[in-house]
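Reader: Hello! I would love a close look at one part of this structure, with the side-chain contacts around it spelled out. Could you start from a single residue and work outwards?

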Amino acid sequence: MQLAAPAGADPGPGDGVITGWMKRKGGPLLLVLVVLGVVYAVAVVGFRFLSGRPMDGQPRTDATFFTRATVSVRPHVTRPSRWSMLAGWQRAVVRVVVLVAVAVWCRWWLADAAGAVLAARAGGVGVAVAVVVYVAYRGRRWRLDVEVVEPLAAALRPVLGHPASLPARRFLRIPRVLVSLPPSRMQRAVGDVVDRYVEWRDAELENRPGWVWVLGLGSGRWRDAWVERRPGSRLMRWWLRVVSVRAAVAIRRAGRRERRRASARVVVKIPHTMGAVPEDARAALLAHSAVKLGGEWVPEWHLRGSSPQLRLRHREYPPRRVDFAAMAPRMLLTGSTELALGLTIGSRTVTIDVETDSPHVLLSMGTGAGKSVLLRLLAAQALRKGWAVILLDYKQDHYWAQNLIDEGMTGLFYFRKIEDIHNTLIRLEGIRQYRSDVDFDARGGQEMQRVLVLFEEMNVSVNMLRAYWQSVRVKGQPAKSPALTAFGALAGAGRSARMHLVAVGQYLTAQVFGGPEARENFGARVLGRYSAASWRTLVPEFGAPPARSLVRGRVQVCQGETRAETQVAFLTHDEVAAWARGGLAGVVPAGELPFSWELPSGPLAAVEGDVPGNGEVPSPRSGLRLVQGGGTSGDDPTGGELLADDVRLPLSEWVGLGTLPGTYEAVRKRAQRDRARFPRSPDDRYSLGQVRAWHESWDRPGGDPADPPVEGSAGAADG
């Protein structure tokens with residue numbers, strides 16, 4: 001169809017209206033111009049499209065084809081879009097990829113419309129998933145950007161000389177693993193709902209069978225009550241395996257996160273115009289970073305090369321508090337001879353192996369450093385592993401131990417009086433000698449139950465032991481306290497007898513141990529709130545002492561060539577009792593030699609007698625049980641248990657039994673004055689017949705008129 005010719009026109013035959021008009025009015029030139037205009041427009045649009053420039057030709061940032069933008073070139077725009085900040089080649093790649101994808105899809109749609117529609121739907125689903133993932137990721141980063149990155153960037157821009165329009169991501173990078181954000185309002189609300197559900201669930205599942213909590217439907221508190229009623233069930237053994245695997249996985253995840261945290265750095269890019277970075281600028285950068293990020297940061301300046309930058313490494317500390325929930329899975333994974341102390345940098349568990357690392361442990365800790373807390377932790381683990389625990393506590397501070405004993409805890413022994421501590425150490429040396437013989441002879445291949453001796457506040461206890469021995473020592477006995485001699489023997493040879501010492505004090509010098517050779521047996525040394533003199537005395541090989549921490553429970557664990565700053569785990573009295581009862585506490589496995597105890601009355605001077613080989617280790621006095629108390633002359637001082645005449649005891653023990661009335665000092669002075677009738681003995685030991693005969697001679701004529709009157713033995717039994 002041809003258009004009508006305009007008025008006055010004389011169209012030729014076969015010419016259209018437009019063609020004829022162009023011939024008469026110079027139409028070829030106009031056509032050329034139109035074609036050139038279209039070509040130019042296509043070329044300009046194509047060039048802008050392929051070079052990554054803005055399609056309208058108006059630049060918004062200072063980006064080039066190869067470099068990203070740094071600032072906005074429009075004064076009214078302070079924060080340009082991400083698209084405008086990209087380099088030209090990056091925008092060109094995105095445009096070409098999108099254009100090719102649309103062209104391929106259109107070609108596919110022309111060939112197979114149904115397949116193209118299906119592919120479009122699948123692509124739409126993929127795009128939706130990608131958008132959801134991106135939004136979730138940006139949601140996690142959004143709080144970090146708003147609460148940490150942007151405030152720090154605003155403080156650093158004037159120092160670095162950056163304009164306010166420069167985005168923070170262009171010169172500042174903060175890994176999310178280095179920042180611990182408080183829970184948001186939504187997270188707190190969800191946590192409250194979960195807590196209410198747990199309370200309701202516990203009330204509903206109170207009387208349900210055990211498989212309920214195995215499936216994860218019961219809380220830890222209700223589960224513990226069920227386990228306490230059925231400690232040895234098959235379900236319980238299976239659950240312990242599951243808990244061990246879960247604990248190992250959780251600890252591995254925590255370690256992986258801590259390793260990422262240790263390798264992460266906050267990066268601040270330094271502009272080349274700053275040169276060497278003046279000292280005031282460096283101080284300002286570090287000050288702003290410490291205020292906005294919190295904590296302590298170690299600067300690492302990297303000013304060489306084409307990308308000068310400041311890297312900030314977070315100074316790592318152990319956790320400020322380690323509770324039972326954090327420590328329980330780690331204690332489950334310790335070996336049969338390992339004792340866990342707490343967590344160090346990176347939430348790594350610090351343990352001491354009494355079989356391979358050090359048989360004995362030294363705790364030199366000042367007031368408030370957590371000595372009692374650490375002893376509770378060690379005692380709970382030892383009892384759970386089936387060890388026997390002996391606590392020597394002259395300051396009488398560990399009432400939790402007495403509570404456990406009153407509740408029926410076996411394997412735990414608690415001594416507070418100085419005479420009991422004296423006799424206990426001598427008794428332990430006798431048991432060590434017997435156990436060493438058993439271990440040397442390999443009698444039946446028996447394994448002996450391990451014994452952990454906790455010696456509290458040795459600085460005071462050792463002085464009291466010396467004073468006590470001087471008050472009860474008789475002529476011919478060694479001047480050194482036999483209790484301290486026994487302690488030195490246990491320190492030197494206790495490892496082979498499965499007997500381990502934990503020496504506790506504020507300043508443990510060689511004099512406290514009776515010599516430097518005894519102290520050298522304590523290979524693992526724990527120091528807390530120490531003085532410089534204590535550090536140089538106990539661990540001089542580790543150089544200058546680090547700064548003391550005032551955090552309660554923060555200690556330095558030194559063993560071998562390693563030193564680890566450690567936060568001691570804090571367990572309450574109820575948690576100690578629950579953990580001690582949860583394992584082998586009070587249970588001696590078949591085939592092992594059990595540890596038995598019976599503290600004799602009266603002061604012991606040395607270890608004597610043979611110990612039966614039936615597994616029961618009686619008192620060091622050949623199994624003879626001496627009952628403290630008695631009556632006047634003629635009464636049986638042993639309360640009905642007759643003593644053989646060949647039993648020979650020191651004079652102090654006969655006074656303690658009540659055979660000789662009065663105090664020991666008075667009886668000793670009488671013996672010195674009455675040398676004519678006092679029985680003779682080369683070893684200062686006397687039989688019951690000799691002591692009674694001498695006592696009966698007191699009332700005969702010729703006795704010393706200055707002698708004190710005979711006192712009733714009931715009132716003089718503790719003399």
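Author: Happy to! Let us begin with Arg525, which is buried, as its relative accessible area is 7%. Please keep in mind that this is a predicted model. The side chain of Arg525 meets that of Glu520 in a salt bridge, with 3.9 Å from N to O. Glu520, in contrast to its buried partner, counts as exposed, at 53% relative accessibility.

From here we can step to the aromatic rings. Phe522 sits in the loop between α18 (516-519) and β13 (524-528), while Phe487 belongs to helix α16 (residues 482-493), so their pair ties together parts that are 35 residues apart in sequence. The two rings are stacked, at 6.4 Å centre to centre and with 20 degrees between the planes. Phe487 and Phe522 are both buried. They also belong to a cluster: ring pairs link Phe455, Phe487, Phe513 and Phe522.

The structure holds nine aromatic pairs. Another of them joins Phe324 and Trp579, whose ring centres are 5.8 Å apart and whose planes meet at 80 degrees; an angle over 60 degrees counts as edge-to-face, so this pair is edge-to-face. It links distant parts of the chain, since Phe324 lies in helix α11 (residues 324-332) and Trp579 in helix α20 (residues 573-581), 255 residues apart. Trp579 is buried, with 7% relative accessible area.

Trp579 has a charged neighbour as well: the charged end of Arg384 sits over its ring, 3.8 Å from the centre. A similar arrangement is found at Trp301, where the charged end of Arg282 sits over the ring at 4.6 Å from its centre.

Helix α12 covers residues 371-384. At 1.5 Å a residue its 14 residues should span 20 Å, and the end C-alpha atoms are 20 Å apart, which agrees. The helix is mostly covered, with 14 of its 14 residues buried. Just after α12, Gly386 takes a positive phi of about 90 degrees.

Now back to the charged pairs, where the structure holds twelve salt bridges. In one of them, the side chains of Glu355 and Arg450 meet at 2.7 Å, N to O. Glu355 is in the loop between β6 (349-353) and β7 (361-365), and Arg450 is in the loop between β10 (447-448) and β11 (451-456), so this contact ties together parts that are 95 residues apart in sequence. Glu355 counts as partly exposed at 32% relative accessibility, whereas Arg450 counts as buried at 13%.

Lys395 and Glu457 form another salt bridge, at 3.7 Å from N to O. Lys395 lies in the loop between β8 (388-393) and α13 (399-406), and Glu457 in the loop between β11 and α15 (458-472), so the parts they tie together are 62 residues apart in sequence. Lys395 is partly exposed, with 34% relative accessible area, while Glu457 counts as buried at 10%. This contact does not stand alone: Lys395, Asp397, Glu456 and Glu457 are linked in a network of salt bridges.

Finally, a look at the surface. Leu29, Leu30, Val32, Leu33, Val34, Leu36, Val38 and Val42 form a nonpolar patch there, with about 760 Å² of accessible area together. One of these residues, Val38, is found in helix α2 (residues 27-51). Val38 counts as partly exposed, at 48% relative accessibility.

Notes: Residues are numbered from 1 along each chain as its sequence is written. This is a predicted model: local features need pLDDT of at least 70, side-chain atom pairs count only at pLDDT 80 or more; totals for chains, interfaces and linings use all residues. Side-chain values use heavy atoms; hydrogens and water are left out. Rings of Phe, Tyr and Trp (its six-membered ring) pair if their centres lie within 6.5 Å; planes under 30 degrees apart count as stacked, over 60 as edge-to-face and the rest as tilted. Helices (H or I, at least four residues) and strands (E, at least two) are DSSP runs, numbered from the N terminus. Buried means under 20% relative accessible area, exposed over 50%, partly exposed in between (1.4 Å probe, protein chains only). A charge sits over a ring if NZ of Lys or CZ of Arg is within 6 Å of the ring centre and within 35 degrees of the ring normal. Patches are made of residues with over 30% relative accessible area and no salt bridge: like charges are joined within 9 Å, nonpolar side chains (Val, Leu, Ile, Met, Phe, Trp, Tyr) within 5 Å. Accessible areas come from the Shrake-Rupley method with a 1.4 Å probe; for residues, only the protein chains shown count as cover. A salt bridge is a side-chain nitrogen of Lys or Arg within 4 Å of a carboxyl oxygen of Asp or Glu. The expected span of a helix is 1.5 Å times one less than its number of residues.
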